[in-house]
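Biologist: Could you teach me how to read a structure like this one, feature by feature?

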Amino acid sequence: MDRTPLVVAATDGSPEATAAVIEAADETARLDAELEIVFVWEVLARGRHAGCGKALSDHVERIRREAVAVARSRQPAIGMRSSVVHDVPVAGLLEVAKRADLLVMGSRGHGAVGGILLGSVSLALAGRAPCPVLVVRTRVAAGRPVVVGVVDEDSRPALEYAFAKARAREVGLIAVHAWNFPEIPRALREAQGAETPYRQAEEFARQMLVNVMSPLREANPQVKVEERVVQGSAGAALVSASRDAGLVVVGRHSSPRHFGPRLGHAPIALLHHAHAPLLVVPSD
């Protein structure tokens with residue numbers, strides 16, 4: 001029997017966390033999944049805060065109930081449960097993510113207990129979680145397109161997720177590929193027209209995007225696709241495209257210079273500056 005997908009929403013009671021819970025409820029409905037709302041905090045067992053344990057536990061319980069009420073009011077028909085995990089935020093959520101199909105969290109939370117959704121935590125989880133991570137700073141209007149960053153053929157997992165999200169939301173998709181060229185004098189770039197190395201590099205980038213997108217276009221004829229080739233930084237290009245997006249999707253790739261997966265410059269820039277929710281998809 002097929003397993004029901006699980007969406008996990010992290011909360012700490014902050015406005016960003018509330019936005020994440022709402023987004024998680026909507027994603028749960030789209031995926032025909034179940035939602036689990038999780039509050040992770042490290043119990044203060046000793047030191048000057050030791051006497052605050054009961055008050056803090058009551059505070060956590062109130063936030064948990066409020067998050068469940070928000071999700072239930074948003075999507076009353078979805079299956080839902082909630083839990084409190086006693087651990088440091090990154091370790092606790094990484095453990096929870098092992099059983100999740102999607103982890104949803106806010107990007108700049110300021111919860112009174114544990115600081116679960118601070119930027120450093122969302123950065124760590126986006127770079128290490130075994131499942132896709134949806135990071136929400138603020139919600140945006142419905143009907144906006146999905147934007148996806150395309151590096152090369154290794155972007156296929158992110159592209160598949162992006163097309164699936166565009167289908168589910170019944171919106172278009174914008175594929176963005178950024179390329180760079182060494183700084184050279186303008187006269188050398190433009191005087192010889194299409195035969196300059198600059199123009200050849202631009203055409204190579206354009207053809208690469210066409211080749212990567214072609215099979216996915218054919219498999220998703222119902223999705224309207226726009227392809228953008230931008231000269232410059234991928235992070236800047238995707239942050240700019242996010243202004244009119246409903247969702248931005250990027251891949252997370254392993255690096256031979258690091259142990260395990262890491263985030264590139266573009267996902268880090270988006271975590272700090274994106275104008276729409278960001279979905280980070282592992283490459284394997």
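Biologist: Is helix α1 enclosed or open to its surroundings, and why?

Modeller: Helix α1 is largely enclosed by the rest of the structure, because 12 of its 17 residues are buried. Buried means under 20% relative accessible area, exposed means over 50%, and partly exposed lies in between, using a 1.4 Å probe and protein chains only. Helices (H or I, at least four residues) and strands (E, at least two) are DSSP runs, numbered from the N terminus. Please keep in mind that this is a predicted model, where local features need pLDDT of at least 70, side-chain atom pairs count only at pLDDT 80 or more, and totals for chains, interfaces and linings use all residues. Residues are numbered from 1 along each chain as its sequence is written, and side-chain values use heavy atoms, with hydrogens and water left out.

Biologist: Which residues of α1 are buried?

Modeller: Among them are E16, A17, A19, A20, V21 and I22. An α-helix has 3.6 residues a turn, so residues three or four places apart point the same way. Helix α1 reaches 24 Å from its first C-alpha to its last, close to the 24 Å expected at 1.5 Å a residue; the expected span is 1.5 Å times one less than the number of residues. Just after α1, D32 has a positive phi of about 55°.

Biologist: How do I read a pocket, and what does α1 give to the second largest one?

Modeller: Rolling a probe the size of a water molecule over the atoms shows where empty space is left. On a 1 Å grid over the protein atoms alone, a cavity is a set of points where a 1.4 Å probe fits but cannot get out, while a pocket is an open set with protein on both sides within 12 Å along at least five of seven lines; lining residues have an atom within 4 Å of a point. Here, α1 (residues 15-31) supplies three residues, the largest share of the lining of the second largest pocket. That lining has 14 residues, with R30, V140, A141, A142 and R169 nearest the centre of the pocket. The second largest pocket holds about 220 Å³ of space; grid points are joined across faces, edges and corners, and a volume is the space filled by probe spheres set on the points.

Biologist: And how many cavities of 30 Å³ or more are there?

Modeller: There are two. The largest cavity has a volume of about 50 Å³, and its lining includes S107, V135, R137 and L270.

Biologist: What about a nonpolar core: which residues touch the most other members of the largest one?

Modeller: A nonpolar core is a set of buried Ala, Val, Leu, Ile, Met, Phe, Trp, Tyr and Cys residues joined through side-chain atoms within 4.5 Å. The largest has 45 residues, and L35, L173, M213 and V249 touch the most other members. Helix α7 (residues 197-219) gives the most to this core, seven residues. Apart from it lies another core, of 38 residues, including V133 and V239.

Biologist: Where is V280, and what does V280 touch?

Modeller: V280 sits in strand β11 (residues 278-282) and is buried, with a relative accessible area of 1%. Contact means heavy atoms within 4.5 Å. Not counting residues up to four places away in sequence, V280 touches A126, P132, V133, V250, R252 and L263. V280 and V249 are 31 residues apart in sequence, yet 6.1 Å apart in space, C-alpha to C-alpha.
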